[in-house]
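Me: Got a structure I'd like to talk through with you. Mind if I fire off a few quick questions?

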Amino acid sequence: MIQLVRGFKDILPPETTVWQSIEDTARRHFENFGFREIRPPVLEQAALFQRSIGEHTDIVEKEMYTFAGSRDTLLTLRPEATASVVRAYIQHKIYAADPAARFYTIGPMFRKERPQKGRYRQFYQINAEVFGVDSPYMDAQLIYMCMTFFRRLSVSGLQVHLNSLGCPECRPAFRQKLSEMLAGRAENLCPDCLRRLEKNPLRVLDCKVPACREAVADAPSMLDFLCDDCGQHFRTVQAALADMDIDFQIDPRLVRGLDYYTRTAFEIQTSELGAQNAVAGGGRYDQLVEMLGGPAQPAIGFAIGLDRLVELFAAKFPAPETGPDVFFLPMGEAARERAAKWSSQLADAGVRVEADFSGRSLKALMRRADRMGAARVLIVGDQELAENKAVLRDMKTRDQVAVPMDRLVAFISEHVGR
Ligand code: AMP
């Protein structure tokens with residue numbers, strides 16, 4: 001038997017209902033904040049991610065699903081959505097039509113990471129991105145939108161971790177200082193961090209290996225290197241968050257795994273998921289639009305890990321088994337023929353119905369009705385056909401009513417309609 005590919009998963013009902021309700025809530029919530037849905041493809045040119053995420057990040061170095069396309073181009077299954085949204089923003093000149101465009105997108109991402117709990121090779125994200133706005137109030141509002149989304153879902157116990165990564169003006173001095181310090185402790189670093197030391201020393205700050213954590217325990221903080229503008233921006237973000245009653249923690253170790261971030265970086269963490277504790281992450285990427293060939297436009301966004309959010313949500317609100325409003329139990333060929341037509345018409349009229357055409361015994365079908373959580377069953381047999389009446393039974397109260405067959409569809413729609 002051919003099995004699932006390792007690191008991938010099927011999402012089965014009834015869990016799919018949890019996904020649907022979270023996605024519906026996200027759509028409604030984000031649209032209230034002026035965001036509109038954009039749906040870029042899952043396949044892009046590899047160069048898009050190499051240039052945006054950065055050559056020396058884990059994602060680009062070892063986690064991308066990349067393969068040959070036609071005419072020498074390399075194609076990649078997107079490991080994240082921001083680069084694609086930026087590409088679409090530039091390609092369709094959205095900046096010319098809307099000076100403050102806000103988008104959200106929901107869909108699968110692909111990273112060849114080591115599979116473990118909370119970490120999959122195909123996982124889902126809800127992304128929000130804002131273009132053209134450099135105001136720190138936008139940063140605060142975006143974090144507010146994210147946290148109130150979790151609140152709407154009654155997911156609690158989340159902390160906002162906040163940092164500033166500075167800008168091309170002030171970050172190089174910090175990077176230099178950090179590199180010098182780390183070079184002196186190279187023998188304590190893990191092999192990955194030894195590589196990062198040269199190409200991407202900031203990433204050493206969020207390495208999870210205990211020896212590396214120790215090595216950076218007294219590392220300099222980017223916050224001490226912020227230029228005046230970045231410092232002012234960061235202070236305003238904090239004041240605005242406080243004003244909106246959003247608690248946050250300053251975390252100078254927070255650097256995020258992608259190179260394109262500038263200024264505000266944040267992560268939303270929980271203590272309820274074990275090692276994979278980040279439910280959402282994001283930040284500003286004020287240089288990225290220009291870097292990818294567009295006009296200079298500031299931008300900010302975040303990604304929520306939908307798989308992890310579903311896990312948190314489902315732990316509190318297990319997916320209900322939602323059976324049909326009416327389950328038809330036709331006994332005999334003539335009854336099945338009637339049931340086929342009536343159940344189709346009822347479904348079309350907006351009633352959740354299912355008819356069982358298997359020809360199994362009444363007892364077997366009643367068991368199935370129970371298992372699927374049907375609210376009512378409609379029993380139609382030869383006798384009912386002869387008397388022109390079917391029996392509609394409420395599965396909870398066990399009340400029964402006789403339904404006149406010539407008015408069956410209208411009768412049930414009236415009594416059961418949502
Ligand atoms: P990132 O795009 O790496 O900033 O990640 C944003 C969010 O996506 C994280 O906070 C996680 O919740 C989620 N995420 C990232 N990688 C994975 C993965 N391999 N499996 C499941 N969720 C992930």
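Me: How do the residues of the shell around the ligand divide into nonpolar, polar and charged?
Reply: Six are nonpolar, three polar and five charged. Here Ala, Val, Leu, Ile, Met, Phe, Trp, Tyr, Cys and Pro count as nonpolar, Asp, Glu, Lys and Arg as charged, and the others, Gly among them, as polar. Bear in mind that this is a predicted model: local features need pLDDT of at least 70, side-chain atom pairs count only at pLDDT 80 or more, and totals for chains, interfaces and linings use all residues. Residues are numbered from 1 along each chain as its sequence is written, and side-chain values use heavy atoms, with hydrogens and water left out.

Me: OK, which polar atoms lie close to the ligand's oxygen and nitrogen atoms?
Reply: Arg 111 has a polar side-chain atom 2.8 Å from a ligand oxygen. A polar backbone atom of Tyr 120 is 2.9 Å from a ligand nitrogen. For Gln 125, a polar side-chain atom lies 3.0 Å from an oxygen of the ligand.

Me: And how much of the ligand's accessible area does the protein cover?
Reply: 92% of the 480 Å² that the ligand has on its own (Shrake-Rupley method, 1.4 Å probe).

Me: Switching topic: is Thr 105 buried or exposed?
Reply: Buried, at 4% relative accessible area (buried means under 20%, exposed over 50%, partly exposed in between; 1.4 Å probe, protein chains only).

Me: What does the side chain of Thr 105 have a polar atom 2.7 Å from?
Reply: The backbone oxygen of Ile 38.

Definitions and conventions:
Polar contact = N/O pair within 3.5 Å; in protein donor to acceptor, adjacent residues only side chain to side chain.
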